[in-house]
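The following exercises ask the reader to work through a structure step by step. Please study the sequence and the model before attempting each task.

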Amino acid sequence: MIRLEAVGKRYPGERDALRQVSLHLRPGELGFLTGPSGAGKSTLLRLIPLLERPSQGRVEVGGVDLGRLARRRIPYLRRGIGMIFQDHRLLADRTVFDNVALPLVIAGTPRRELGRRVRAALDKVDLLRYERAQPETLSSGEQQRVGIARAVVRRPPVLLADEPTGNLDPALSAEIMTLFRRFSELGVTTLIATHDVALVERLGHRRISLSGGRVVADTAATEAH
Ligand code: ADP
């Protein structure tokens with residue numbers, strides 16, 4: 001579902017952010033990108049929705065070579081990718097419901113469908129009871145779950161998260177990671193950047209470890225090829 005082949009990335013005037021990175025996530029697979037700050041995790045994630053382009057190599061999403069994707073197809077690619085950030089980027093002046101509904105509203109989803117789809121997403125992250133709340137009245141773990149509901153409300157086949165537990169304590173982090181596992185079990189291909197190696201190891205998930213822009217370990221490398 002997501003395939004990188006010998007990918008390199010160099011930002012203008014910088015050293016290489018990624019070097020000869022190859023990896024493959026099958027549909028419904030859950031993978032964690034780990035490594036120290038500056039290892040290239042965010043850069044790798046940003047290649048998948050074409051927020052950045054590789055300097056070398058090839059990135060494929062759903063069998064499509066992104067290097068050959070027509071510019072007008074980029075919005076369509078991005079519609080199929082849910083993105084979650086550390087700082088969740090919720091709109092403070094809108095309710096939880098409206099925050100989660102936003103991607104549907106932008107996509108022109110008919111009004112009568114909004115309620116059903118927003119509630120289905122809120123139910124998956126166990127926040128139905130807060131649909132009328134303002135985000136700032138929720139805990140940081142709950143706010144992050146609103147961000148996850150917003151990312152999955154259009155049922156994208158791919159989910160990407162960049163340090164989604166960066167601000168959370170260990171118990172809440174484990175809870176959020178369990179949510180991601182559930183989405184992957186529903187068939188969503190999920191790639192998560194985190195510095196929390198201990199948590200990933202404890203949960204026993206696939207770990208792709210980056211250092212200095214290279215993949216230095218991949219616990220599923222033998223299955224992946
Ligand atoms: P990580 O997510 O693992 O912390 P990043 O992908 O953010 O790593 O960064 C990898 C390298 O690329 C770092 O050396 C960083 O300074 C550089 N880098 C990241 N984004 C940019 C950018 N927009 N412009 C220039 N250099 C960048």
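**Exercise 1. Determine how the side chains of Lys-41 and Thr-43 and the backbone of Ala-39 are placed relative to the ligand.**

Solution. The model is a predicted one.
Step 1. Begin with Lys-41: one of its polar side-chain atoms lies 2.8 Å from an oxygen atom of the ligand.
Step 2. Turn to Thr-43, where an N or O atom of the side chain is 2.5 Å from a ligand oxygen atom.
Step 3. For Ala-39, a polar backbone atom is 3.1 Å from an oxygen atom of the ligand.
Step 4. Consider the area: the ligand taken alone exposes 550 Å², and the protein buries 65% of that.

**Exercise 2. Describe the composition of the shell around the ligand.**

Solution.
Step 1. List members of the shell: among them are Tyr-11, Glu-14, Arg-15, Pro-36 and Ser-42.
Step 2. Sort the shell by type, which gives four nonpolar, five polar and three charged residues.
Step 3. Identify the main contributor: helix α1 (residues 41–47) provides the largest share, three residues.

**Exercise 3. Is Arg-206 buried or exposed, and which partners does its side chain reach?**

Solution.
Step 1. Locate Arg-206 in strand β9, which spans residues 206–211.
Step 2. The relative accessibility of Arg-206 is 7%. Buried means under 20%, so Arg-206 counts as buried.
Step 3. Find the partners: the side chain of Arg-206 forms a polar contact of 2.8 Å with the side chain of Asp-218, and it also reaches the backbone oxygen of His-24 at 2.8 Å.

**Exercise 4. Classify the accessibility of Asp-98.**

Solution.
Step 1. Place Asp-98 in helix α3 (residues 96–106).
Step 2. Its relative accessibility is 33%. Partly exposed covers values between 20% and 50%, so Asp-98 counts as partly exposed.

**Exercise 5. Characterise the largest pocket and the second largest pocket.**

Solution.
Step 1. State the volumes: about 600 Å³ for the largest pocket and about 230 Å³ for the second largest.
Step 2. Examine the lining of the largest pocket. It consists of 19 residues, and those closest to the centre include Arg-78, Met-83 and Pro-103. Strand β6 gives the most to this lining, with four residues. By type, the lining has 13 nonpolar, one polar and five charged residues.
Step 3. Repeat this for the second largest pocket. Its lining has 14 residues, with Val-61, Tyr-76 and Leu-77 among those nearest the centre. Helix α2 supplies the largest share, three residues. This lining divides into 10 nonpolar, two polar and two charged residues.

How values were computed: Residues are numbered from 1 along each chain as its sequence is written. This is a predicted model: local features need pLDDT of at least 70, side-chain atom pairs count only at pLDDT 80 or more; totals for chains, interfaces and linings use all residues. Side-chain values use heavy atoms; hydrogens and water are left out. Helices (H or I, at least four residues) and strands (E, at least two) are DSSP runs, numbered from the N terminus. Buried means under 20% relative accessible area, exposed over 50%, partly exposed in between (1.4 Å probe, protein chains only). A polar contact is a pair of N or O atoms within 3.5 Å; within protein, one must be able to donate a hydrogen and the other to accept it, and residues adjacent in sequence count only if both atoms are side-chain atoms. A residue is near a molecule or strand if one of its heavy atoms lies within 4 Å of it. Accessible areas come from the Shrake-Rupley method with a 1.4 Å probe; for residues, only the protein chains shown count as cover. Ala, Val, Leu, Ile, Met, Phe, Trp, Tyr, Cys and Pro count as nonpolar, Asp, Glu, Lys and Arg as charged, and the others, Gly among them, as polar. On a 1 Å grid over the protein atoms alone, a cavity is a set of points where a 1.4 Å probe fits but cannot get out, and a pocket is an open set with protein on both sides within 12 Å along at least five of seven lines; lining residues have an atom within 4 Å of a point.
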